[in-house]
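Here's a walk through one protein model, going from single residues to helices, charge pairs and open space. Have the viewer ready and follow along.

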Amino acid sequence: MSKRASLKFQFHSVINKCFVPKFDRHSLKIKINNKTATLREVEQYNTIIASYKRKDNLHNFVNNFINYLLFTDQYKNYKYLYELNSEIFSEFLKYKVESGAVQSKYTIKEYVSVIRRLERMCSYVFPSHSFNFTKGLVVPELPEREHWIKEARFSVEDYKAIIQYILNNRMLRGAPLGVLLCACFGLRVSEVLELRFCDVDYVNKKLHVPRGKGGGSRVLPCVFSFQSQLIDFIKEHQNKYGFSDKTQIIYDVQRNRKITNPQNVNDALKSVMRDMGIIHKIKDRRISVHALRKTFLSILYVKTLKEKK
């Protein structure tokens, strides 16, 4: 008897079986609108995915869900996909909201949409089993917006203190440099990990973000003195270690490898705060680099308002 696959592997197998690159959804939609499509074709239209991005999003959602089961010690309770129900997904959504991972109605709606899609995909791959991921699914309400903003930001004093601490101690390589880039330019961690030295304009003091959220790019000028100071430090860092322009900025010099895990940058922030002795101030709140981004955008917004007056 073959060994039973893990729940995570079962999910990923379903996604991979439903992934068909260059699948012609357009022609199938025309047949459905003309009511000439078979029941199987309708199932294919609602199930088959042709986008690599959507496939990756489904894989990431499954990884988050499995991590939740492991964290709450419920993973051992489920051996097969058909044993999962709407109750466990409702608890997962509630956990995401309470932990602060979900901050908008759009995100929670996307989560529900992914759960519904996974249910259809499982039914398509395993037609002999019945799957109930969404019937009776309870969608939690988000907290009040003002309270949410307060929880998701640093104070201006702590924000500036973190930047100065990293600069003064010249922690300008690896994950701490990623923290500094997020704080000084309001970048997302995913954007910082994609930056290369060729994306920094040392002459005009500008930062090019080639792969932002949604695949867009943008150019960020220096509007604060600490931004220009950081660009000078990046140039010094590149010259010191002889990095080529194509090398990623966030690079582990000691291990001689690039940093790809966003958690490394978040851990670096916690380590800095612990060394500064300010981690106790926000021990009951979410500590993440994204909070630095929100604080920067708030400061930039206030500055822009003052300049318009």
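## Glutamate 41 and the loop before it

Glutamate 41 sits in helix α3, which covers residues 39–47. One thing to keep in mind from here on: this is a predicted model. Is glutamate 41 buried or exposed? Its relative accessible area is 18%, and because the cut-off for buried is under 20%, glutamate 41 counts as buried. If you want a reference point for it, take lysine 31: the two are 10 residues apart in sequence, and their C-alpha atoms are 8.9 Å apart in space.

Lysine 35 is worth a click too. You'll find it in the loop between α2 (25–33) and α3. Lysine 35 has a positive phi, about 60 degrees, even though it isn't a glycine. With 77% relative accessibility, lysine 35 counts as exposed. Aspartate 73 is another non-glycine residue with a positive phi, near 60 degrees, and its place is the loop between α4 and α5.

## The whole protein

Zooming out, the protein has 13 helices and five strands. Along the principal axes, its C-alpha atoms fill a box of roughly 65 × 55 × 40 Å. There are 309 residues, and 40% of them count as buried.

## An enclosed helix

How many residues of helix α9 (residues 175–185) are buried? The count is 11 of the 11, so α9 is largely enclosed by the rest of the structure. Among those buried residues are Leu177, Val179, Leu180, Leu181 and Phe185, along with Cys182 and Cys184. Right after α9 comes glycine 186, with a positive phi near 65 degrees.

## Charge pairs

Side chains of opposite charge can pair when their charged atoms come close. Counting pairs with a side-chain nitrogen of Lys or Arg within 4 Å of a carboxyl oxygen of Asp or Glu, you get five salt bridges. One of them joins arginine 188 and glutamate 191, at 2.9 Å from N to O. Glutamate 191 is buried, with a relative accessible area of just 1%. There's a network here as well: salt bridges link Arg188, Glu191 and Arg218.

Next up is the pair of lysine 205 and aspartate 232, whose closest N and O atoms are 2.2 Å apart. Lysine 205 is in the loop between β1 (200–201) and β2 (206–209), while aspartate 232 belongs to helix α11 (residues 225–241), so this salt bridge ties together parts that are 27 residues apart in sequence. Both ends are partly exposed: lysine 205 at 23% relative accessibility and aspartate 232 at 39%.

## Helix α13 and its surface

Lysine 303 and glutamate 307 make a salt bridge as well, at 3.2 Å from N to O. What separates lysine 303 and glutamate 307 in helix α13? They are four residues apart, which means about one helical turn. An α-helix has 3.6 residues a turn, so residues three or four places apart point the same way. Lysine 303 is partly exposed, with 27% relative accessibility, whereas glutamate 307 counts as exposed at 55%.

There's also a nonpolar side to the story. Tyr301, Val302 and Leu305 make a nonpolar surface patch of about 280 Å². Tyrosine 301 lies in helix α13 and counts as exposed, with 53% relative accessibility.

## The largest pocket

Rolling a probe the size of a water molecule over the atoms shows where empty space is left. In this model, the largest pocket has a volume of about 2,600 Å³. It is lined by 49 residues, and those closest to its centre are Asn64, Ala101, Thr107, Tyr111 and Lys213.

Which helix gives the most to the lining of the largest pocket? That's α4, with 11 residues. The helices that each supply at least two lining residues are α4 (52–71), α5 (86–99), α6 (105–125), α10 (189–194), α12 (262–276) and α13 (289–308). As for the chemistry, the lining divides into 15 nonpolar, 19 polar and 15 charged residues.

Definitions and conventions: Residues are numbered from 1 along each chain as its sequence is written. This is a predicted model: local features need pLDDT of at least 70, side-chain atom pairs count only at pLDDT 80 or more; totals for chains, interfaces and linings use all residues. Side-chain values use heavy atoms; hydrogens and water are left out. On a 1 Å grid over the protein atoms alone, a cavity is a set of points where a 1.4 Å probe fits but cannot get out, and a pocket is an open set with protein on both sides within 12 Å along at least five of seven lines; lining residues have an atom within 4 Å of a point. Grid points are joined across faces, edges and corners, and a volume is the space filled by probe spheres set on the points. Ala, Val, Leu, Ile, Met, Phe, Trp, Tyr, Cys and Pro count as nonpolar, Asp, Glu, Lys and Arg as charged, and the others, Gly among them, as polar. Patches are made of residues with over 30% relative accessible area and no salt bridge: like charges are joined within 9 Å, nonpolar side chains (Val, Leu, Ile, Met, Phe, Trp, Tyr) within 5 Å. Accessible areas come from the Shrake-Rupley method with a 1.4 Å probe; for residues, only the protein chains shown count as cover. Buried means under 20% relative accessible area, exposed over 50%, partly exposed in between (1.4 Å probe, protein chains only).
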